[in-house]
Amino acid sequence: MDFDLTIRHGRISNADATFHADIGIQGGRITAIAPALPAGREDVDASGRWVLPGGIDSHCHIEQLSGMGVMCADDFYSGTVSAAFGGTTTILSFAAQHRNDAIPEVLADYHRRAAEKAVIDYGFHLILTNPDETALREHLPQAVRDGISSLKVYMTYDKLKLDDYQLLDVMATAGELGALVMLHAENHDMIRWVAHRLLERGHTAPKFHAVAHDALAETEATHRAIALARLVDVPVLIVHVAGRETVEVIRAARQLGAPVLAESCPQYLFLEAGDSDLPGMEGAKFCCSPPPRDAASQQAVWDGLLDGTLGVFSSDHAPYRFDASGKLPKGDATTFKEMANGVPGIELRLPLLFSEGVMTGRMGIEQFVALTATNHARMYGLAPRKGSIAIGADADIALWDPTRVVDVTAGMLHDNVGYTPYEGRRITGWPTAVYSRGRAVVRDGVLLASRGSGSFVPRGRPEPLRTSAPSPQRGAFSALVGLKRAD
Ligand code: DUC
Ligand code: ZN
Ligand code: ZN
Ligand code: ZN
């Protein structure tokens, strides 16, 4: 046994167990886990540290043009550096098709930019806005063969939205290909109608964003998305769940056996609609879609994460600077309808949940690992290579100091946003060393990895699509309408 790296005397937690052991790493992979391994060429003493699988952030926007044409503030360098400082070792960000873009070119462009800059491993979900025959019959199958086994579609935004007919086409095709469909579920016309009435009456301030995106718009669209998925019997994943009723709709559907998965994010636990009620444009720092809601919704999101209704906790990092290049295209004259949508969170995602979930006793460390790493790996086809500390897996590991207390300031973060909606918050527990495939990326607050040292991770079939047999009730229907599924 000749290890490149050993991490010894730590307390290891996976999604299913916690134990004391040493970890031996060779060639970027974990090759031994045992009580007393000999020291490797590099030997890390993890006494007093919690040794966890590196986080997987399966929802972040990096170096992406938004639907409204605004470029994110983080490129693949700052975005992945910031992720790594927060204990994350793999990101799945979006490769966005805008309506006239050819998908192969979109993907090639994201591949090129990420390969040059990323410091941790990455993959992409395709944002599909034009599901025509070529996209569905040629480009999507090719993308799946190339390891991009998930896509995101939108039910709102003029430039992104698909109608229900198109959503069914996408879901049916995804079922055939073994790709997972992620849905941004909000009712477009409800938002449009309310926003129009608000603006007509001069209600333009950031705080009206949450009024325009009423919780009912989210609940209705989620219910509809689930009905569409049940019709074609194809798993879907509802992203960024914010509202109490939405959690209830998803829980009820899952109890019926519907193939629905769901995600939530820090902003729905730690922010609320009232945070955007500030003088001037300040409130825009707290605006994302769907918007954070009220205390009852925060509690419902906690409950959903704890009972498995919400299986993944991602950042939805949508980084825009607080100026005309980002959040405020018209400066102080920007209406809530014109603001760039989204809040940063790629670096604080794990520390916030560690502090408020694990350190308060709300959630066990194993559930933390499941929600922040293991479930992402399973749902998005990264397992068994990523998401757990196991022999044969990539050595993507974070060492956490549960006693470290940090008071958050925007200045201490490594993104390129310039503000954080979590300014001033006290966090207990922090990742002090982060390894990606056995390379130290961050140690004691110092970046050790170089630009472009991260790699693209081709993904296999997401687990929900591997395990779900067609439901018997829908078998005859599927035959009649010619639904096929990947085998
Ligand atoms: N949807 C996202 O997924 N992220 C940011 C904003 C949005 O509408
Ligand atoms: Zn030991
Ligand atoms: Zn979205
Ligand atoms: Zn997003």
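Start by selecting V181 and V236: the bridge partner of V181 in β11 is V236. Keep in mind as you look around that this is a predicted model.

**The strands around that bridge**

Now widen the selection to residues 180-184, which form strand β10, and residues 236-238, which form strand β11. These two strands run in the parallel sense and are joined over three bridges. In general, strands of a sheet pair through backbone hydrogen bonds, either parallel or antiparallel.

**The whole sheet**

Next, color the full set of strands from β6 to β13. How many strands does this open sheet have, and in what order do they come? There are eight, with parallel pairing, and the order is β6-β7-β8-β9-β10-β11-β12-β13. At the edges you will find β6, at 55-60, and β13, at 312-313, each pairing on one side only.

**Stop at K152**

Go to strand β9, residues 150-154, and pick out K152. The UniProt record, an unreviewed entry, places the feature "modified residue: N6-carboxylysine" at K152. Is K152 buried or exposed? K152 counts as buried because it has 21 C-beta neighbours inside 10 Å, and 20 or more are needed for that label. To see its surroundings, show F94, H125, I127, M182 and H184: K152 is in contact with these residues, leaving aside neighbours within four places in sequence. Two of those names, M182 and H184, bring you back to the strand at residues 180-184, β10.

**Out to the edge strand**

Now move to F313, in strand β13. Although β13 is an edge strand, F313 counts as buried because 30 C-beta neighbours lie inside 10 Å. Which residues does F313 touch, not counting those up to four places away in sequence? Select S264, C265, L305, L353, L371 and T372 to display them. For a sense of distance, draw a line from the C-alpha atom of F313 to that of N187: the two are separated by 23 Å and lie 126 residues apart along the chain.

**Zoom out**

Finally, show the whole chain, with its 14 helices and 17 strands. Its radius of gyration is 22 Å, close to the 23 Å that the globule rule gives for 487 residues, so the chain is as compact as a globular protein of that length. Along the principal axes, the C-alpha atoms fill a box of roughly 70 × 60 × 40 Å. If you color by burial, buried residues make up 56% of the 487. For a contact map, take the contacts with a separation of 6 or more: 77% of them are between residues 24 or more positions apart.

Terms used
Residues numbered from 1 in each chain as written. Chains lettered and ligands numbered in written order. Predicted model: local features only at pLDDT ≥ 70, side-chain atom pairs only at ≥ 80, totals over all residues. UniProt positions renumbered as here; feature names shortened; annotations may be inferred. Helix = DSSP H or I, 4+ residues; strand = E, 2+ residues; numbered from the N terminus. Buried ≥ 20, exposed ≤ 12 C-beta atoms within 10 Å, placed from the backbone. Contact = placed C-beta atoms within 7 Å. Pairing = 2+ DSSP bridges. Rg over C-alpha atoms; globule rule 2.2 N^0.38 Å.
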